[in-house]
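Visitor: Could you take me through one part of this model in close detail? I would like to hear how a single pair of packed helices fits together, and then what surrounds it.

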Amino acid sequence: MSKTERKEFIKGLLFISPWLIGFLIFTVYPIFASLYMSFTEYSIVGESKWIGFSNYKKLFTDILSMKAISNTLYYAAGLVPLGLIVGLVLAILLVQPLKEIIFYRTTIYFPSIVPAFAFATIGVWFFNPYIGFMNNLLKLIGIQGPFWLSEQWVKRTIILMAQWGAGGTALIYMAAIKDIPKELYESAELDGATAWQRFWHITVPMISPATLYYLVIATLGALQIFDLPNIMTGGGPANSSLSFVMYLYQNAFRYGYMGYAASMAWILFIISFVLTMLIFGTTRYWVFYYGARR
Amino acid sequence: MYYLFKNKTLRSFIFRNVVRLILIFITFIYILPFIWMLSTSFKDDRELFLFPPKWFPWPPVWQNYNKALQRFPFFKYLKNSAIITVGALIGTLLSCPLVAYGFSKIRWKGRDFFFYLMLSTMMLPGAVTIIPTFMIFKTLGWINTFLPLIVPAFLGGGAGSIFLVRQFFNTIPDDLVDAAKVDGASDLQIYLRIVLPLAKPVLFLISLFTFLGAWNNYFGPLIYLTDENKYPLSLGLPTFFSLYGTYWNQMMAAATMSVIPTIIFFVIAQKYLIEGIKITGIKE
């Protein structure tokens with residue numbers, strides 16, 4: 001490095017130093033510390049003791065942690081595809097040229113910024129089996145509504161409730177749809193393509209970068225689902241809504257099993273990483289960058 | 001743009017109104033839980049059980065709000081939420097553009113490496129780092145204070161915000177910066193006098209995101225705050241819910257009060273939130 005290069009290098013580091021310090025203290029150190037802790041028996045008071053892979057072995061024999069993992073995968077398998085469909089349908093409807101479209105956009109977007117801690121309480125009441133809105137409505141048309149927060153239904157109810165927040169996804173898709181050049185549709189129409197063909201062969205590939213972004217963010221988010229189940233049910237009934245991060249939280253901050261919780265954090269890290277890599281690994285088959293000559 | 005209908009034909013006229021009806025229906029569904037909340041908050045105990053439910057309870061039972069406030073210190077929670085949020089806002093606004101400037105307007109070796117390193121941290125689940133982070137704050141004696149919820153914001157304000165501001169800075173011509181350098185201005189001067197004033201729109205946008213992040217944060221306060229006097233709304237409302245959740249009219253009165261700040265925020269910010277993505281984009 002020449003003298004000016006070195007000067008610029010130091011200046012650059014100085015400017016980004018707030019982030020760099022935060023990165024070292026709150027990301028790098030915690031990753032390695034939690035890796036180390038995951039091999040120890042460590043409660044919040046007292047000494048830590050090296051126990052090798054015991055925490056990980058326990059994790060795979062602990063009925064509750066297995067339950068929490070399967071619940072979490074269930075949440076993800078519901079939240080990610082459903083959120084994509086709802087978000088995309090909303091986006092397509094919300095870019096249509098109607099005079100009052102802003103009104104629909106605004107109103108549909110609003111619930112996505114309402115805090116989960118408030119929406120969770122509203123949801124429990126909305127889905128109250130006896131006098132909640134949903135079952136009142138179903139009764140009106142002669143259907144006996146289910147116990148929405150029962151062992152059988154609670155995960156589906158939470159997945160359904162999360163769809164009130166689909167406005168955020170819709171916004172991303174709206175931006176992507178608006179960016180598609182009009183000529184593509186016009187020439188497709190001249191060639192006699194139907195509306196469905198135009199959607200499938202133009203819109204879907206053109207918005208695929210947004211879909212990639214959505215899939216990664218939504219998968220990571222779904223694997224860490226916490227607020228809604230924790231407030232609505234606390235994990236019940238019979239642990240049927242217990243998510244992995246809830247169980248991690250309980251072990252770390254309620255029972256003080258820091259070492260065990262750290263091993264859970266690492267398992268979550270590995271699951272997230274594998275799924276993210278799987279998504280990125282398939283991009284060349286379905287993600288299409290218009291105008292990119294790479 | 002993907003239009004479901006064109007302007008001229010009769011078929012389009014029908015299509016347009018079908019789309020309109022679908023949108024009205026969906027909009028109604030999205031707002032329904034909040035109407036139900038508001039309506040419930042004005043019902044007396046007997047009206048809760050009416051079938052079919054009453055949408056406009058008359059006379060409205062304001063008493064529910066008074067009763068809820070006796071066990072639900074809304075204004076105390078509100079104050080705590082405000083302190084945390086303002087703290088996070090100040091921290092983000094002070095540090096985030098500074099870092100973004102380093103990632104955008106200074107040409108230095110390793111810049112791209114650090115930038116992509118920063119982006120990759122967005123893929124890291126927060127739960128992975130939470131336990132050692134908690135131990136750090138415990139060692140510092142910061143448990144049961146607002147500091148763990150505010151101080152990290154002074155360290156860049158999050159990769160997402162830095163990314164947005166950096167993208168914005170990239171649209172400011174380098175010539176502007178270089179010309180000032182020729183005139184003998186230092187980078188800090190250029191940052192403060194030229195770049196920062198130009199960046200007002202994007203700074204406003206990240207303020208909105210920071211506000212939402214801090215205001216809606218539930219997990220952070222849950223692990224760091226133990227004293228009820230320090231609870232923000234995100235802990236206060238669930239606490240009230242777990243204790244008195246079956247007094248549905250009072251519960252919904254508390255929920256209504258808790259949603260009001262978000263509504264006010266939304267009225268001010270909705271235009272920028274909905275159009276904000278357009279200014280910055282999610283790609284280069």
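Guide: Happily! In this predicted model, helix 1 of chain A and helix 14 of chain A cross in a left-handed way. On the helix 1 side, the contact is made by S34(A), L35(A) and M37(A), and they meet M258(A), G259(A), A262(A), A265(A) and W266(A) of helix 14. Sorted by class, this contact between helix 1 and helix 14 of chain A holds six nonpolar and two polar residues, with no charged ones.

Now for the geometry. Two packed helices are described by the angle between their axes and the distance between the axes. Here, helix 1 (residues 3-37) and helix 14 (residues 258-281) of chain A pack at about 120 degrees, and their axes are 7 Å apart. An angle from 65 to 115 degrees would count as roughly perpendicular and one over 145 as roughly antiparallel, so helix 1 and helix 14 of chain A are oblique to each other.

Stepping back to the whole chain, chain A is divided into domain 1 (1-37) and domain 2 (53-286). The centres of these two domains of chain A, taken over C-alpha atoms, are separated by 34 Å.

Finally, chain A has a partner: 84 of its residues are in contact with 77 residues of chain B. Several helices of chain B give two or more residues to the side that touches chain A, among them helix 1 (10-41), helix 3 (74-104) and helix 13 (248-280). That side of chain B comprises 55 nonpolar, 15 polar and seven charged residues.

Terms used. Residues numbered from 1 in each chain as written. Chains lettered and ligands numbered in written order. Predicted model: local features only at pLDDT ≥ 70, side-chain atom pairs only at ≥ 80, totals over all residues. Domains from an automatic or database assignment. Contact = placed C-beta atoms within 7 Å. Helix = DSSP H or I, 4+ residues; strand = E, 2+ residues; numbered from the N terminus. Nonpolar A, V, L, I, M, F, W, Y, C, P; charged D, E, K, R; others polar. Axes fitted to C-alpha atoms, helices over the stretch in contact; angles between N-to-C directions. Parallel < 35°, antiparallel > 145°, perpendicular 65-115°, else oblique. Left-handed = near helix turned anticlockwise from the far one by under 90°.
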